[in-house]
Amino acid sequence: MMQRMFPPLIVLAMIFFVCAPVFIAWAPYESTMGLVQKIFYFHLPSWAAMFVAAIVCGIASVVFLFKGRVIADRIAVASAELAVVFGLIGLVSGPLWARKAWGVWWQWDARLTMALVLWMIFVAYLLLREYGGPGSEKLAAGVALFGMANVPFVYWSVNVWRTVHPTTNVVPTLVPGMRGALWWSLIGFLLLYALAMMARVRLEEQRATLERVYRELDD
Amino acid sequence: MLCLLLILGIGVMETSAEEFLVQSMQTSQQDEFVPIDELETEDQLPAAPLLIAAYGFAWIAMFVYLWSIWRRLARVERELASLASRTTER
């Protein structure tokens, strides 16, 4: 079923990404930041996709730890990689926007620092899986749980602490022109996440098949 | 009569104050032609290169990642196919 869904999802994702620049260009300019504010339409969706990836990785890790389901471990690895990729997009687009909007590339405030730490947790997950040796799957699953637990803290940090980053109140109060472009980009990024997940999980399944074949040949 | 005069006087004062405020704003706005090289550094920065860099990086990062998945998958499937052909030859 997943393989049958792949081609139509690719077409849908392509439509979203081809049309996104048009909607972003049509969106009104923000009064104080002007053109540079349009980074928002990729910056927020990339972090949203990162949060989704982190949560999926955490849930899959819980299932792997407590039920021992191998497919859950494959989903966790795939999602952790995507959390790192989308997080990296957010960590690069943010400072590019900040340089113009705040006058600095980076601020060690609550939101930015916690977001960087969250990204580093999933980098640590991948390093553990790659170099941790036998048994590192369960240790990495524990790291993923910790990462997932951090997501709500990162999200609410702007409302709890005084930070330079805009609060979560910005999105619900967007004007229709901006809201439409944001939702379009967000759906595009989430489709991209779904597609990349399918491909990456297939890679893990094929690797597992290859390992099984080699073991059978050795026997 | 005195109250009426008082009310009229306050009304005149408010109107003049409002006109003065509008005039002073217009005056300050007309005085605000500041050359770009006298602005703060962040206000002098052009936004387009930053916007293009952000979007460009997002596109390139996703493309590189998807290409890496495709490459790894192709390598594994090639190896599986080669193993399958070796076992059938036996």
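How many helices and strands make up the secondary structure of chain B? In this predicted model, chain B comes to three helices and zero strands, and the order along its sequence reads α-α-α. Of the 90 residues in chain B, 6% are buried.

A good place to turn next is the contact between the two chains. Chain B brings 25 residues to this contact, and chain A brings 28 residues. On the side of chain B that touches chain A, two elements give two or more residues each: helix H2 (41-44) and helix H3 (47-89) of chain B. H3(B) supplies the largest share of that side, with 21 residues. By residue class, the side of chain B that touches chain A holds 19 nonpolar residues, one polar residue and five charged residues.

The largest nonpolar core has 63 residues, and the members that touch the most other members are Ala53(A), Ala54(A), Cys57(A), Ala76(A), Ala80(A), Ala83(A) and Ala144(A). Two or more residues of this core come from each of helices H1 (2-26), H2 (40-67), H3 (70-101), H4 (110-131), H5 (136-160) and H6 of chain A, together with H3 of chain B. Leaving aside residues up to four places away in sequence, Ala53(A) touches Ser79(A), Leu82(A), Ala83(A), Phe86(A) and Tyr193(A).

Tyr193(A) leads on to helix H6 of chain A, where it is one of the buried residues. Others buried in H6(A) include Met178(A), Trp184(A), Gly188(A), Phe189(A), Arg200(A) and Leu203(A). Helix H6 of chain A (residues 176-218) has 43 residues, and its span from first C-alpha to last is 63 Å, close to the 63 Å expected at 1.5 Å a residue.

Conventions. Residues numbered from 1 in each chain as written. Chains lettered and ligands numbered in written order. Predicted model: local features only at pLDDT ≥ 70, side-chain atom pairs only at ≥ 80, totals over all residues. Helix = DSSP H or I, 4+ residues; strand = E, 2+ residues; numbered from the N terminus. Expected span 1.5 Å × (residues − 1). Buried ≥ 20, exposed ≤ 12 C-beta atoms within 10 Å, placed from the backbone. Contact = placed C-beta atoms within 7 Å. Nonpolar A, V, L, I, M, F, W, Y, C, P; charged D, E, K, R; others polar. Core = buried A, V, L, I, M, F, W, Y, C linked by C-beta atoms within 7 Å.
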